[in-house]
Amino acid sequence: MVNSAVIRDLQNGLVTEARGLGFAAVGFAPAADDPLRSRRLRDWLDAGHHGTMGWMEDRAEVRQGPHSMWPEARSVIALGMSYAPETDPLALADSSDRARISVYAQGRDYHDVMKKALKALARWMVAEARRLGLEEPQLKVFVDTAPVMEKPLGQAAGIGWQGKHTNLVSREHGSWLFLGAIYSTLPFEPGDLHDDRCGSCNACQAACPTNAFPAPYQLDARRCISYLTIEHKGPIPEEFRAAMGNRIYGCDDCLAVCPWNKFADAAARNMSFLPRAELVAPKLAELLALDDAAFRQLFSGSPVKRIGRDRFVRNCLIAAGNSGDSSLAAQAEALCADPDAVVAEAAQWALAVLRAGP
Ligand code: B12
Ligand code: SF4
Ligand code: SF4
């Protein structure tokens, strides 16, 4: 029998500790699976909306909910770190000599920052439970890479709602939260749910350059620039190349136009995600010149390093083709002989577009 007053003390202390570790949002949800959530995941996979992200399908049974992964789990602690930008992420849209790296990737890699903080919080919980005379809790911490549906869990824990762009929106932090979760054997009290406050707004759907939303709250990843620039390994399908503009890593458009960002508290931003000056408005010409070693050096500690030099230069070549800047033609021509076939193909495309002129 667990003493509920002691659990409440631990829960209150945990919120304070989490804030001290840099989390802007903390909520609690039951660990039970949700059949609606499971069905929607299945429908999304059956429609093929995950594209080549086979890892989404591989462990789909486990991904559908906490109990499917770990039947002993009794509660989920959902956590968010803010990366609210100080400037408009869309400001560089018309700067053809510059490349756009999505806001989330301009600072330190959130996987590293959040994992460290989640582990520190888990250690604190174990020590505190011991101090309060509770049985030692079992805990599992997750950020992004495990088969866990972090957005619906964040919603179930009351830290926001899934907006029509499918990401979690919070009244205090807008669309700019990274999410993580801790599964626990302790029976924490669930929080109040956030209402869906999208109403009649459809700004995110209207802003999407590739029409990646077949319906509100549903994303066809195969059409999403974030997927195309980060996850997709082969040549970028021609139908999306012009729409990519100068976005070379991820895309912020559907998040940036969300009206709830007006209320995003910039002071709550975790300082680890301050943008690195050289990644805010990098020159396309300089990025096209990166070899493997220079790529690794520039993106050390950044999520961008995960895609490797070849995929990155492929993306930069699409942006070069879209730039209309004939001074980039010489670099595109040189890259036509790149040993990587996907880079070479993107270079040929960029060169042909630049030579054809406006
Ligand atoms: C796969 C993935 C992607 C894929 C697919 C995105 C997607 N929407 O599924 C791609 C590569 C495209 C992607 C892009 C981005 N991602 Co991503 N991605 C993930 C990952 C690993 C899994 C997401 C997932 O489970 N998708 C499967 C689908 C089925 O789930 P879902 O979107 O929640 O679907 C729900 C809705 O469709 C809903 N639904 C369906 N029909 C209906 C109908 C109604 C009426 C309603 C109400 C709901 C509803 O039900 C489904 C189940 O709940 C998570 C990390 C994680 N482990 O959770 C990060 C994650 C979602 N990504 C994140 C981020 C930041 C991004 C980008 C903003 C990065 C960028 N700037 O480029 C973009 C945003 C693009 C977008 N609009 O979604 C964050 C989101 C944080 C937040 N506040 O929500 C996460 C949580 C990573 C993290 N740890 O912080 N991502
Ligand atoms: S991230 Fe960009 S491409 Fe993907 S859904 Fe949002 S606006 Fe569309
Ligand atoms: S832009 Fe509008 S519809 Fe999209 S998530 Fe924000 S409030 Fe909802």
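**Exercise 1. How many residues surround ligand 1, and which are the closest?**

Solution. Before counting, note that this is a predicted model, where local features need pLDDT of at least 70, side-chain atom pairs count only at pLDDT 80 or more, and totals for chains, interfaces and linings use all residues. Residues are numbered from 1 along each chain as its sequence is written, while chains are lettered from A and ligands numbered from 1 in the order in which they are written.

Step 1: pick the residues near the ligand (C-beta atom, placed from the backbone, within 6 Å of it). That gives 37 residues around ligand 1, and the closest are Glu 150, Asn 167, Tyr 217, Ser 226 and Gly 250.

Step 2: sort them by type. Ala, Val, Leu, Ile, Met, Phe, Trp, Tyr, Cys and Pro go down as nonpolar, Asp, Glu, Lys and Arg as charged, and the others, Gly among them, as polar. The shell around ligand 1 then splits into 22 nonpolar, eight polar and seven charged residues.

Step 3: look for the elements involved, using DSSP runs numbered from the N terminus (helices: H or I, at least four residues; strands: E, at least two). H2, helix H7 (150–156), strand E7 (177–184), H9 and H11 each supply at least two residues of this shell.

**Exercise 2. Place ligand 1 and ligand 3 relative to the two domains.**

Solution. Step 1: get the domains, whose bounds come from an automatic or database domain assignment. The protein is divided into domain 1 (4–84 + 109–184) and domain 2 (205–356).

Step 2: check who lines each ligand. Ligand 1 lies between the domains because both give residues to its shell. Ligand 3 lies between domain 1 and domain 2 too, because both contribute to its shell. Around ligand 3 there are 13 residues, the closest being Gly 163, Cys 198, Cys 201, Cys 204 and Cys 258.

**Exercise 3. Describe the shell around ligand 2.**

Solution. Step 1: 13 residues surround ligand 2, with Cys 208, Cys 224, Cys 251, Asp 253 and Cys 254 as the closest. Step 2: helix H9 (225–231) and helix H11 (253–256) are the elements giving two or more residues to this shell. Step 3: by type, the shell around ligand 2 has nine nonpolar, three polar and one charged.

**Exercise 4. Work out how the domains meet.**

Solution. Step 1: the C-alpha centres of domain 1 and domain 2 are 29 Å apart. Step 2: count the contact (C-beta atoms, placed from the backbone, within 7 Å); it takes 27 residues from domain 1 and 28 residues from domain 2. Step 3: on the domain 1 side, strand E2 (75–82) and helix H6 (110–131) each supply at least two residues. That side divides into nine nonpolar, 14 polar and four charged residues.

**Exercise 5. Contrast the core with Glu 239.**

Solution. Step 1: a nonpolar core is a set of buried Ala, Val, Leu, Ile, Met, Phe, Trp, Tyr and Cys residues joined through C-beta atoms within 7 Å. Buried means 20 or more other C-beta atoms within 10 Å of a residue's own, exposed means 12 or fewer, and partly exposed is in between, with C-beta atoms placed from the backbone.

Step 2: the largest core has 99 residues, of which Ala 78, Ala 181, Cys 316, Leu 317 and Ala 350 touch the most other members. Helix H17 (residues 341–356) brings the largest share, eight residues.

Step 3: Glu 239 sits in helix H10 (residues 238–244). Glu 239 is exposed because it has 9 other C-beta atoms within 10 Å.

Notes:
Two residues are in contact if their C-beta atoms, placed from the backbone, lie within 7 Å.
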